[in-house]
Amino acid sequence: MATSLVYSMATPTPHAYDILISGFARRDLLPSLTTYQTVLLSLATTSQFDQTMSLLTHMRRRGIRPTIYTYNSLLNACAQSKPPRWKEALSFLSQCQREPGITPDLVSYTTAMRACARARKSKKALEIFRVIQDMGMELDVYCYTTAMNACANDGNWKTALALMEEMAERGISPNEFTYSVAITACGNGGQWSKALELLDKMRSMNMKINTITYNSAISALAKAARTESKQQRRGMWQFWTMGCSIRSIQ
């Protein structure tokens, strides 16, 4: 019933939630973990993070402990927020690390990295990545791609490609999203020839190349136009023909 009330609120407000939680207290009832999690996520998805932190403290005092699902949901809300709430994500990750009976998993760390990457805090994202590496966690393609995306947003193409090589060394196969992020990193770094190499490799592996990936390569080519005019024109023609084939398929 309480959870249904939370979902029925078109515009969630802290006052409305206070009424809901205090209603349990007046009846000498304890809200369930599900009710608390629903309220917490509703607050977080509407960027009411001060109230979210306050409610987390409140539920602990009532003897209800958040779970790994609670924290991962809150971290995801931080990463999806516009703008991304990377500071709050790091705070939730820190709380998760200190929470009795809970150990952050790979999803926790990767989602915190994603919040930092989307906020263009690549150093913070890579710090988290190195921490989980040192912990000996078994990393996956999504974790590596998220770290690469943090590099791509800053045009740090060297680190992005180094991470891609590291993946191969660890036996983790890059997917089309990984290649797309690597091409974006090269595009933002003005490395058009490397972007073209990656595009050619994707084609040789029959990977899907979307318009975003193609545009990232074009961006790399444009940034190199002043210094490599002849090669630039040759590359432009290859990109153009590739782009036409991509658009004809879509």
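This passage describes the overall fold of a predicted model, then its aromatic pairs, and finally the surroundings of one leucine, Leu90.

The secondary structure of the protein comprises 14 helices and 0 strands, and, when the chain is followed along its sequence, the pattern reads α-α-α-α-α-α-α-α-α-α-α-α-α-α. The protein has 250 residues, of which 47% count as buried. The surface that the protein exposes amounts to about 13,200 Å², and carbon and sulfur atoms supply 52% of that area. When contacts between residues at least 6 apart in sequence are considered, 66% of them join residues at least 24 apart.

A pair of aromatic rings is described by two quantities, namely the distance of the centres and the angle of the planes. A search of the whole structure on this basis finds 2 aromatic pairs. One of them is formed by Phe49 and Phe92, whose ring centres are 6.4 Å apart and whose planes meet at 50°. Planes under 30 degrees apart count as stacked and those over 60 as edge-to-face, with the rest counted as tilted, and the angle of 50° therefore makes the pair of Phe49 and Phe92 a tilted one. This pair links distant parts of the chain, since Phe49 belongs to helix H4 (residues 49-61) and Phe92 to helix H6 (residues 86-98), with their positions 43 residues apart in the numbering. Both Phe49 and Phe92 are buried.

Phe129 and Tyr144 also form an aromatic pair, and here the arrangement is edge-to-face, with a distance of 5.1 Å from centre to centre and an angle of 70° between the planes. This pair, too, links distant parts of the chain: Phe129 lies in helix H8 (residues 122-134), whereas Tyr144 lies in helix H9 (residues 141-153), and the two residues are 15 residues apart. Both Phe129 and Tyr144 are buried.

Helix H6, which holds Phe92 of the tilted pair, is also the place of Leu90. The relative accessible area of Leu90 is 24%; buried means under 20% and exposed means over 50%, so Leu90 is classed as partly exposed. If its neighbours within four places in sequence are left aside, Leu90 is in contact with Cys116, Lys124 and Ile128. A further relation concerns Met113, which stands 23 residues from Leu90 along the chain, and the C-alpha atoms of Leu90 and Met113 are separated by 8.9 Å.

Conventions
Residues numbered from 1 in each chain as written. Predicted model: local features only at pLDDT ≥ 70, side-chain atom pairs only at ≥ 80, totals over all residues. Heavy atoms only, no water. Phe/Tyr/Trp six-rings, centres within 6.5 Å; stacked < 30°, edge-to-face > 60°. Helix = DSSP H or I, 4+ residues; strand = E, 2+ residues; numbered from the N terminus. Buried < 20%, exposed > 50% of the residue type's maximum accessible area, 1.4 Å probe, protein only. Contact = heavy atoms within 4.5 Å. Areas by Shrake-Rupley, 256 points an atom, 1.4 Å probe, with all protein chains shown as cover.
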